[in-house]
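User: I am new to reading protein structures, and I would like to understand how the labels used for them are justified. Could you take me through some of them and show the reasoning behind each?

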Amino acid sequence: MEKQEIRTFGRRHGKKLSARQQWLLDNILPTLLPKNESGNELNILEIGFGAGEHLRELAIKNPEKIIIGAEPFMNGIASLLSAITDEKNSIRPEYKNIRIYPDDVRKFLKDTDSKFKQIWILHPDPWPKAKHEKRRLLHSEFIKSLSDHLANKGEIIIGTDHWEYYDWIIQEIKKTKLKIDLLNIPVIQTRYQNKNMAETNHPKYLIIKN
Ligand SMILES: C[S@@+](CC[C@H](N)C(=O)[O-])C[C@H]1O[C@@H](n2cnc3c(N)ncnc32)[C@H](O)[C@@H]1O
């Protein structure tokens, strides 16, 4: 039997969805599932996109690339679907390159040999209590498995305003042979970051390369 992965996310469902959001989940989401894109090494993956602000920005900035977002939180997916569709429920032209994997990214990566030019992870759940540390997504084995999905010169970009988690991630990367760099391009503020700004520090970003 396959080993059950430890759950790295909180809820899959939040407050009740509007009728339109439920319609979008039932009718539009199935048309946006990622297809096997092996051979195409230009795509971008965002893990845990939340409500998708940054994913949408990636789509607009990279019209020639497919942008795949993985997120198990259905309310977040519904928010993204509302933002990328017009009043006739058609995908807005600037978002035609978005694909959505509505579940745990680890399942997605197990079933694909796709390679990505960039893999983004913004504000991964920090799981701050010691007893929850095992729920953190970015432990060394997972980071290593992500690096197997990097295209030539590909990079993993991580951002968090939880400095203790940031330092912990660096220690995890040091257990691998991967290289660490600092990011020097601006990154938009996501919903999570905005919500937490009063309580936390400014985000720190890093890049991992093979
Ligand atoms: C703190 S939120 C940040 C959301 C968004 N990146 C932002 O900055 O607003 C972390 C997100 O990661 C998602 N997540 C956690 N584990 C995941 C996994 N294994 N695969 C995909 N997404 C995951 C959660 O559902 C949650 O939406």
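Analyst: What follows is a set of questions and answers about this structure, which is a predicted model.

User: How do you know how the strands are arranged, and in what order do they stand in the sheet?

Analyst: Seven strands form an open sheet with mixed pairing, and their order is β3-β2-β1-β4-β5-β7-β6. The twist from one strand to the next averages 20°.

User: What makes β3 and β6 edge strands?

Analyst: Strand β3 (98-101) and strand β6 (179-182) each have a single partner strand, so one side of each is left without a neighbour in the sheet, and that places them at the edges.

User: How do you know that β1 is paired with β2 and with β4?

Analyst: Two strands count as paired when at least two bridges are found between them. Strand β1 (residues 44-47) and strand β2 (residues 67-70) are joined in the parallel sense over four bridges, and four bridges also join β1 to β4, again running parallel, so both pairs satisfy the cut-off of at least two. Individual partners can be named as well: in β2, E46 is bridged to G69 and L45 to I68, while L45 also stands opposite I119 in β4.

User: What joins β4 to β5?

Analyst: Six bridges join β4 to strand β5 (residues 150-160), and these two strands run parallel. One of the partners is E155 in β5, which is bridged to Q118.

User: Why is β4 called largely enclosed?

Analyst: The label rests on a count of buried residues: in strand β4 (residues 116-122), six of the seven residues are buried, and therefore the strand is described as largely enclosed by the rest of the structure.

User: What makes both faces of β1 count as covered?

Analyst: In a regular strand the side chains alternate between the two faces of the sheet. In β1, I44 and E46 lie on one side and L45 and I47 on the other, and all of them are buried, which leaves both faces covered.

User: Why is L80 called buried, and what does L80 touch?

Analyst: A residue is buried if 20 or more other C-beta atoms lie within 10 Å of its own; L80 has 25 such neighbours inside 10 Å, so L80 counts as buried. L80 is found in helix α3 and, leaving aside residues up to four places away in sequence, touches F49, A51, G52 and L55. L80 and L55 are 25 residues apart in sequence, and their C-alpha atoms are 8.8 Å apart in space.

User: Where do the buried residues of α2 pack?

Analyst: In helix α2 (residues 53-61) the buried residues are H54, L55, R56, L58 and A59, and the buried residues of this helix pack against β1, β2, α3, β3 and β4.

User: Why is I91 called partly exposed?

Analyst: Partly exposed lies between the cut-offs of 12 or fewer neighbours for exposed and 20 or more for buried; I91 has 16 other C-beta atoms within 10 Å, so I91 falls in between. I91 is found in the loop between α3 and β3.

User: Why is α1 called roughly perpendicular to α3?

Analyst: The axes of helix α1 (residues 19-27) and helix α3 (residues 74-84) come within 9 Å and cross at roughly 95°. Angles of 65 to 115 degrees count as roughly perpendicular, and therefore α1 is described as roughly perpendicular to α3. At their contact, Q21, L24 and L25 in α1 meet M74, I77, A78, L81 and S82 in α3, and by class this contact has six nonpolar, two polar and no charged residues.

User: What makes the phi angles of H123 and W127 worth pointing out?

Analyst: Most residues other than glycine have a negative phi. H123 has a positive phi of about 55° although it is not a glycine, and W127 has a positive phi of about 40°, again without being a glycine. H123 is found in the loop between β4 and α5 (140-147), as is W127. With 22 other C-beta atoms within 10 Å, H123 is buried, whereas W127, with 17, counts as partly exposed.

User: How many residues surround the ligand, and which are the closest?

Analyst: The ligand is surrounded by 23 residues, and the closest are F9, G48, G50, T190 and Y192. The elements that give two or more residues to this shell are α4 (105-110) and α7 (191-196), and the largest share, three residues, comes from α7. By class, the shell has eleven nonpolar, seven polar and five charged residues.

Technical notes. Residues numbered from 1 in each chain as written. Predicted model: local features only at pLDDT ≥ 70, side-chain atom pairs only at ≥ 80, totals over all residues. Near = placed C-beta within 6 Å. Nonpolar A, V, L, I, M, F, W, Y, C, P; charged D, E, K, R; others polar. Axes fitted to C-alpha atoms, helices over the stretch in contact; angles between N-to-C directions. Parallel < 35°, antiparallel > 145°, perpendicular 65-115°, else oblique. Contact = placed C-beta atoms within 7 Å.
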